[in-house]
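Student: I am new to this structure and would like a close look at a single part of it, namely the way the strands are paired. Please go slowly, and then follow the account to whatever side chains belong with it.

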Amino acid sequence: QVQLVESGGGLVQPGGSLRLSCAASGFIFSNYAMNWYRQAPGKEREFIARISTGGGSTNYADSVKGRFTISRDYAKNTVFLQMNSLKPEDTAVYYCNAYRSVLKGGYWGQGTQVTVSS
């Protein structure tokens with residue numbers, strides 16, 4: 001059974017940091033690009049970050065560029081999102097996504113809540 005399990009969310013003050021993890025199982029991890037998305041209350045799901053199958057290429061949304069870093073650990077089948085200089089507008093449920101292709105599709109995790117507030 002394919003599983004993507006996010007962890008590491010919580011409450012943090014503005015300017016603080018969090019490190020999210022997404023543990024993958026049930027598929028060949030290295031065949032999938034990995035992505036992070038987020039969804040704030042009442043808003044559309046938003047792309048945050050992507051890392052390629054080999055880990056050599058990354059892409060970030062303008063809203064998080066320079067503050068967030070995506071990485072992956074093949075030995076642990078885990079993708080990470082390091083979030084620094086957090087702002088209240090970063091408050092959202094953060095979702096991990098494994099993407100193979102438009103034809104073969106991919107997988108989604110259940111999400112982890114991040115709340116940035118004083």
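**Strand pairing and its surroundings**

Tutor: Strand β1 is joined to strand β3 (residues 18–25) by five bridges, and the two run antiparallel. Before going further, note that this is a predicted model, in which local features need pLDDT of at least 70 and side-chain atom pairs count only at pLDDT 80 or more, while totals for chains, interfaces and linings use all residues. Residues are numbered from 1 along each chain as its sequence is written, and side-chain values use heavy atoms, with hydrogens and water left out. A strand here is a DSSP run (E, at least two residues), numbered from the N terminus, and two strands are said to pair if DSSP finds at least two bridges between them. In general, strands of a sheet pair through backbone hydrogen bonds, either parallel or antiparallel.

Within the pairing of β1 and β3, Glu 6 has Cys 22 in β3 as its bridge partner. Both strands belong to an open sheet of four strands, whose order is β1-β3-β8-β7 and whose pairing is antiparallel. At its edges lie β1 (3–7) and β7 (68–73), each of which pairs on one side only. From one strand to the next, the twist averages 15 degrees, the angle being taken from 0 to 180 degrees between N-to-C directions of axes fitted as lines to C-alpha atoms.

A further set of pairings centres on β11 (residues 112–116). Strand β2 (residues 10–12) pairs with β11 in the parallel sense over three bridges, with Leu 11 standing opposite Thr 115. In contrast, β9 and β11 pair in the antiparallel sense, again over three bridges, and there Ala 92 has Val 114 as its bridge partner in β11. The side chains of β11 alternate along the strand: Thr 112, Val 114 and Val 116 point to one face and are buried, whereas Gln 113 and Thr 115 point to the other and are not. Buried means under 20% relative accessible area, exposed means over 50%, and partly exposed lies in between (1.4 Å probe, protein chains only).

The strands and the loops that follow them also carry charged side chains. Four salt bridges are found in the structure, a salt bridge being a side-chain nitrogen of Lys or Arg within 4 Å of a carboxyl oxygen of Asp or Glu. One of them joins Arg 38 to Asp 90, with the closest N and O atoms 2.9 Å apart. Because Arg 38 sits in strand β4 (residues 33–39) and Asp 90 in the loop between β8 (78–83) and β9, this pair ties together parts that are 52 residues apart in sequence. Asp 90 also meets Arg 67 in a salt bridge (2.8 Å, N to O). Since Arg 67 lies in the loop between β6 (58–60) and β7, and Asp 90 in the loop between β8 and β9, the pair ties together parts 23 residues apart in sequence. Asp 90 counts as buried at 0% relative accessibility, and Arg 67 counts as buried at 12%. Arg 38, Glu 46, Arg 67 and Asp 90 are linked in a network of salt bridges.

Another salt bridge brings together the side chains of Lys 65 and Asp 62 (3.1 Å, N to O). Here Asp 62, with a relative accessible area of 67%, is exposed.
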